[in-house]
Amino acid sequence: MTLAAYTMRALPAQLSGLIPLALDLRWSWHHGSDQLWLALDEDAWQATHNAWLVLNSASTERLQALAEDPDFLAVYQSQMASHERFSEAATWYSENCDGQLGDGVAWFCMEYGVSESLPLYSGGLGVLAGDFLKAASDLGVPVMAIGLLFQQGYFRQALNADGEQIEFHPYNDPTMLPVAPLRDSNGEWARVTVPFPGREVRLRAWKGQVGRCELLLLDSNDPRNEPGDRGITSELYSGDPEKRLQQEMVLGIGGWRLLELLQRNPSACHINEGHSALALIERAHWWQRRHQGDFATARMATRATNLFTTHTSVAAGFDRFSRKLADLYLAPWLNENDNTLDTLLTIANGGEQQLNMAGIALGMSGRFNGVSQIHQQVTQTIFQPWFGRWPTADIPADFVTNGVHTPSWDSPESDALWTKACGQDRWRRPMTESCPLKNTTDADLWQMRRAQRKRLISYLRGRLRSQHCEHNFGNTAEAACGLLLDPETLTLGFARRFTSYKRPDLLLKDPDRLIAMLTCRDRPLQIVLAGKAHPKDEEGKALIKRWKTFSRLPEVEGKVVFIEDYDLAVANQLIQGVDVWLNCPRHPWEACGTSGMKVLVNGGLNLSQFDGWWAEAWNENVGWAIRPNASFAQLSQSDQHDEADALELYELLEQQVIPEFYKLNDQGLPSLWLDRVRASMNQLTARYSANRMVREYVNEFYRPMIVKGSRRNPEQARELVELLDHIACHWPALRFGSLHSEGQGGHRLFVLDVYLDGLSKDQVCVELVAEASEFGPRVVQAMELNHGLPGAEDSYQYQCSVPTRPAEHFTPRIRVRDERLNLPLEDRHILWYR
Ligand SMILES: *Cc1c(COP(=O)(O)O)cnc(C)c1O
């Protein structure tokens, strides 16, 4: 296919560098080149914040004039030089771990929120993916991201006069998105195909540049595809299972094939959520083509360097496809690779009738992780069914708490303050210790906070004006809009997906009590809300409507506003200006939550449920927690806490938040408030950054996993497969013999006979386990081999001595032991004494 349609317009020769500059999404967080885009086409830049669109829409006359404008040329040249310095600069990776990630990490995700001008995301997962890539770019970590170029993406939102959500699906014209067709080594448009029933689906490849990282995108809108197939990559999360499976095939199979076409040969593969699990199967197929091995060996060889990150809090959140649908769609691809759906179903879990994508992801990975400390426990719980008789506490789920890309979320005011305290480029270095805001006075902090709030209010007024001024609030709408909200009033923000577990209505439990706070003469509160409800979530839509109706009560009009069409741009404004960010999800549904992290750098404070990241971050000095120090056990059975949580929320607002904000010292500054702001900025900004998160993935996962993977060449992988077959063959015959225990001073000695049926004593581990009780914490202790039992083959006596507890608290078990494997993920055999 020719690329004629995508040939760039002719630019004056001296400005040709604008093309790579406009195609590097670095402009979405590094605002150095803003002046250039403003000069090219101010209206287009203000409306879209899309440098590529601006470059394409600027008139030829304008370009000619600027090519001769010395001021413009000076800025242009300095930006070109700065971009070159950026591309060549040493990075954390090049200085600390150069080469250790080999040919880099392939990073798969269904959605990416890099910028509002590339709307390929719906919410938290996509924004996290965007922040991950930006931080990987800052740190120089070789990550290549793979995703889908949705023609419509997620829906756009408006509300009608009754507060009902209206959904739009505007078309993303790919030529206007800040991406370019991806060319192969011959300069042709890179294309891959994926086998579908009775046909091949052709995919076109695009490239987005995110600083040093590439975002490779696939779409199916090739005119030679069947009409139905052209729409596979139209909407994100449409809710139709057939389309969902098609999208996951395109992402996983097509994505891996694209890497193969480009000869990228990544050293590790990281999938975010199970949506892209088929990439791991295709990676194994690719290994088979290279090494002529069977699938089991390919799986063993590749999985050591596959990482699966789950962001889900309930098992119902996993994608499952009926056997019939899976068979229809996957058979042509599986046949082509001598593979079968039964193999996939066995990998996915063995029992379930449906094909569970999280199961495939788990069964094809060498490690897996949740996204906060609490979510690690949630993950252990929801994945326990994949591990047979393994107790939840032994499920080998790790965790990496999410973080946000600080330079994308800081305000101009906070940027100035941090630069003064810690210098330029601070977010690109490892943010190990927080850089304390030295020499920053309370007056500086307060001035920053006021300036940010003021800017937010003026943004909101403008936004509300175009939102039909909240449907004719007051009589003279235009003038009235200028009066909405107040720049000196304590401003509370709440913006996220409107769905019942996030409890957006918690503040509305007692409307009169809320009205009293909003209308208090001397110490008022105002609230800004935003968020979309999934088109099929009627409950979520009703929650929006409740707020909208409330905001139009005469007594609170102008004090509570709902901003339509929540997206990255709206989020960016809100998190810069609000004083308090509210988050009150129902436990344990919030895997991590990231929006609250975005206010940290700007001196906003969090008032949040003790859940997700806040359960790790909170202490009395940095903000407020609803039901602090609740334990995981309490958390997981807490659907009943709505009333109590609402009461606690009102009390915190009335007794702590509002009084502290308005309590001024003799210099007119709210010093208690500013102490908190300073503590939150100093203690939390670096810790909840994507900079820390990416380094954790590199150091704790990618690097050790790649080392482990290097010990799985074809022969080694084959040997491990044979070992596991051997174990599976003998396991059913393993037996326990007699068990004795006796007290010995402060200890208890256990002596146990076991029969291993042809397995060697080095291949298993015999352990004594006691669950936590009033006698102490959980104990898992390896028993030591005493000697072989005379007169019986493969029979051994083990013993160990444990602190005194009732004998019946201890249960022996046998499990597989092998340093080369991640157990029990790679082999789930376990035998309990009873
Ligand atoms: C940060 C962000 C989210 C995620 O917020 P949570 O608090 O994790 O739900 C969703 N949407 C947008 C636009 C964001 O910027």
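**View 1. Meet K598, a lysine that carries an annotation from UniProt.** According to an unreviewed UniProt entry, K598 is covered by the annotation "modified residue: N6-(pyridoxal phosphate)lysine". What you are looking at here is a predicted model. In it, K598 belongs to helix α25, which spans residues 595-598. Is this lysine buried or exposed? With a relative accessible area of 5%, K598 is buried, because buried means under 20% relative accessible area. Which residues does K598 touch, once those up to four places away in sequence are set aside? They are V127, V404, W409 and I575.

**View 2. Next comes S608, a serine in a strand.** Strand β19, made up of residues 605-609, is where you will find S608. Its relative accessible area is 3%, so S608 counts as buried. Leaving out residues up to four places away in sequence, S608 is in contact with N583, W614, W624, A625 and I626. Take a moment with N583, one of these partners: its backbone oxygen sits 3.3 Å from a polar atom of the S608 side chain. You can also look from S608 to G596, which is 12 residues away along the chain. The C-alpha atoms of S608 and G596 are 8.4 Å apart.

**View 3. Here is S680, a serine in a helix.** S680 is part of helix α29, which covers residues 671-684. How does its accessibility classify it? The relative accessibility of S680 is 1%, and S680 therefore counts as buried. The contacts of S680, again without residues up to four places away in sequence, are L600, G604, L605, V622 and T685.

**View 4. Finally, two cysteines, C269 and C520, are shown in a model without disulfides.** How many disulfides does the structure hold? The count is 0. C269, for example, takes part in no disulfide, and the nearest cysteine sulfur, which belongs to C109, is 12 Å away. For a disulfide, the two sulfur atoms would have to be within 2.5 Å, which is why this pair does not count as one. Now compare how the solvent-accessible area is classified for the two cysteines in this view. C269 is buried, with a relative accessible area of 1%. C520 counts as partly exposed, at 30% relative accessibility, because that class lies between the buried limit of 20% and the exposed limit of 50%.

Conventions
Residues numbered from 1 in each chain as written. Predicted model: local features only at pLDDT ≥ 70, side-chain atom pairs only at ≥ 80, totals over all residues. Heavy atoms only, no water. Helix = DSSP H or I, 4+ residues; strand = E, 2+ residues; numbered from the N terminus. Buried < 20%, exposed > 50% of the residue type's maximum accessible area, 1.4 Å probe, protein only. Contact = heavy atoms within 4.5 Å. UniProt positions renumbered as here; feature names shortened; annotations may be inferred. Polar contact = N/O pair within 3.5 Å; in protein donor to acceptor, adjacent residues only side chain to side chain.
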